[in-house]
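This briefing goes through a protein model topic by topic, with the criteria behind each term given where the term is first needed. Please keep the sequence and the coordinates at hand while reading.

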Amino acid sequence: MIIVPEREIPALLTREASYKAVSDVFAAMASGDAYNFPVVREAIGHEDALYGFKGGFDRVGSTLGLKAGGYWPGNLEKHGVINHQSTVFLFDPDTGMVRAMVGGNFSTALRTAAASSVSINHLARKDAKVMGMVGAGHQAKFQLRAALEQRSFEKVIGWNYHPEMLSNLEEVASEAGLPFEAVELEGLQEADVIISITSSFDPILLENHVSPGTHIACMGTDTKGKQEASAELVAKATLFTDEVAQSISIGECQHAIAKGLIKEGDISQIGAVINGTHPGRSSDDEITLFDGTGVGLQDLAVSAALVDLAIEKGVAIEVDL
């Protein structure tokens, strides 16, 4: 079995490699060559933690496995480690034997950012100039770095419930040589692309916060009850997602479905746009929305790439079980 320690991954995994792995697996999902297993996600009644499993099988990438992990809200304060913790296990699909164990924390951050950047590349207007952010936590920095590579943006604007955290966004904008402006939610009307990356259980983005032609990537809703955009805004948009089953059950579309504002058939897989079987954006005035729920196959694809990179760079650890 190969072990790729968490400490080695930041030096191995690039945004480019993450983007390719995620884009390829989305395409495989849309063509029926890859599928995700049902998600297990439980409040364990200890440390207020959510723990679960995401897995799947990709015939094209010959990738089988699962990610185990979750969210421990007191980790940073109590233990000095990040709140999200996960590990990926890969198996040989021909024999069932375990192939690798890969640290999942840094790679989860990059694969989540890659998913929104894939949606921006395929759905945002080509002339998008203003990048908008809702949320300014740890993951927001990964999201913004990846997003800024997809268009020739000229400005970054952002809102966060705790304004003092907006310095995270300003730091990334400065890295890219772009000005940053803190705005109220209504000020997001200036944005051509908006990424929301929060843990909210109440809608933040409303219809009057979004202008015609905007592309929205909702990346924080991955649990029943969470919500970043109003159901009315979701219903107004042309909808895309990583996986429809998750979108309507634990993703951003769950609330519009529950209200009867949309139906399952209104939501398309982003992989269909990548494959060319869906045209994607149809006009410059159309609002498009990507519901990034996070699927196990994303983690498996990125982890499989990491194993190859770790072997190539000589940092993989091989052990016998």
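What covers the buried residues of helix 5? The cover includes helix 2, helix 4 (105-123), strand 8, strand 9, helix 6 and strand 11. The model is a predicted one, in which local features need pLDDT of at least 70 and side-chain atom pairs count only at pLDDT 80 or more, whereas totals for chains, interfaces and linings use all residues. Residues are numbered from 1 along each chain as its sequence is written, and side-chain values use heavy atoms, with hydrogens and water left out.

**Helix 5 and its surroundings**

- Helices (H or I, at least four residues) and strands (E, at least two) are taken as DSSP runs and numbered from the N terminus.
- Of the 10 residues of helix 5, 8 are buried, so this helix is largely enclosed by the rest of the structure; buried stands for under 20% relative accessible area, exposed for over 50%, and partly exposed for what lies in between, with a 1.4 Å probe and protein chains only.
- The buried residues are Gln139, Ala140, Lys141, Phe142, Gln143, Leu144, Ala146 and Ala147.
- Helix 5 (residues 138-147) lies across strand 8 (130-134), strand 9 (155-159) and strand 11 (193-196), and runs at about 165 degrees to strand 8; contact here means heavy atoms within 4.5 Å, and angles run from 0 to 180 degrees between the N-to-C directions of axes fitted to C-alpha atoms, for helices over the stretch in contact.

**The open sheet**

- An open sheet of 8 strands follows the order 10-9-8-11-12-15-13-14 with parallel pairing, where two strands pair if DSSP finds at least two bridges between them.
- Strand 10 (180-182) and strand 14 (267-269) stand at the edges, each with a single partner strand, so one side of each is left without a neighbour in the sheet.
- On average, and with direction ignored, neighbouring strands of this sheet are turned by 20 degrees against each other.
- Within the sheet, strand 12 (residues 215-218) and strand 15 (residues 288-291) pair in the parallel sense over 4 bridges, and Ala217 has Phe290 in strand 15 as its bridge partner.

**Strand 7 and its partners**

- Strand 1 (residues 2-4) pairs with strand 7 in the parallel sense over 3 bridges, with Ile3 standing opposite Met101.
- Strand 6 (residues 84-91) pairs with strand 7 in the antiparallel sense over 5 bridges, with Val88 standing opposite Val102.
- Strand 6 and strand 7 also form a hairpin with 6 residues between them, and Gly96 in the turn has a positive phi of about 85 degrees.

**Nonpolar cores**

- The largest nonpolar core has 63 residues, and those with the most contacts inside it are Phe26 and Met131; such a core is a set of buried Ala, Val, Leu, Ile, Met, Phe, Trp, Tyr and Cys residues joined through side-chain atoms within 4.5 Å.
- Helix 11 supplies the largest share of this core, 9 residues.
- When residues up to four places away in sequence are not counted, Phe26 touches several residues, among them Ala115, Val118, Ile270, Ile274, Phe290 and Val295.
- Apart from the largest core lies another core of 27 residues, among them Ile157, Cys253, Ile267 and Leu289.

**Salt bridges**

- The count comes to 18 salt bridges, each being a side-chain nitrogen of Lys or Arg within 4 Å of a carboxyl oxygen of Asp or Glu.
- Asp24 forms a salt bridge with Lys20, the closest N and O atoms being 2.6 Å apart, and both residues lie in helix 2 (residues 15-30), 4 residues apart, about one turn of the helix.
- Asp24 is partly exposed, with a relative accessible area of 40%, whereas Lys20 is exposed at 53%.
- Asp308 forms a salt bridge with Arg99, with the closest N and O atoms 3.5 Å apart; Asp308 lies in helix 11 (residues 296-313) and Arg99 in strand 7 (residues 98-103), so the pair ties together parts that are 209 residues apart in sequence.
- The side chains of Arg145 and Glu175 meet in a salt bridge (2.9 Å, N to O); Arg145 lies in helix 5 and Glu175 in helix 6 (residues 167-175), so the pair ties together parts that are 30 residues apart in sequence.
- Salt bridges that share partners join Lys141, Arg145, Glu171 and Glu175 into one network.
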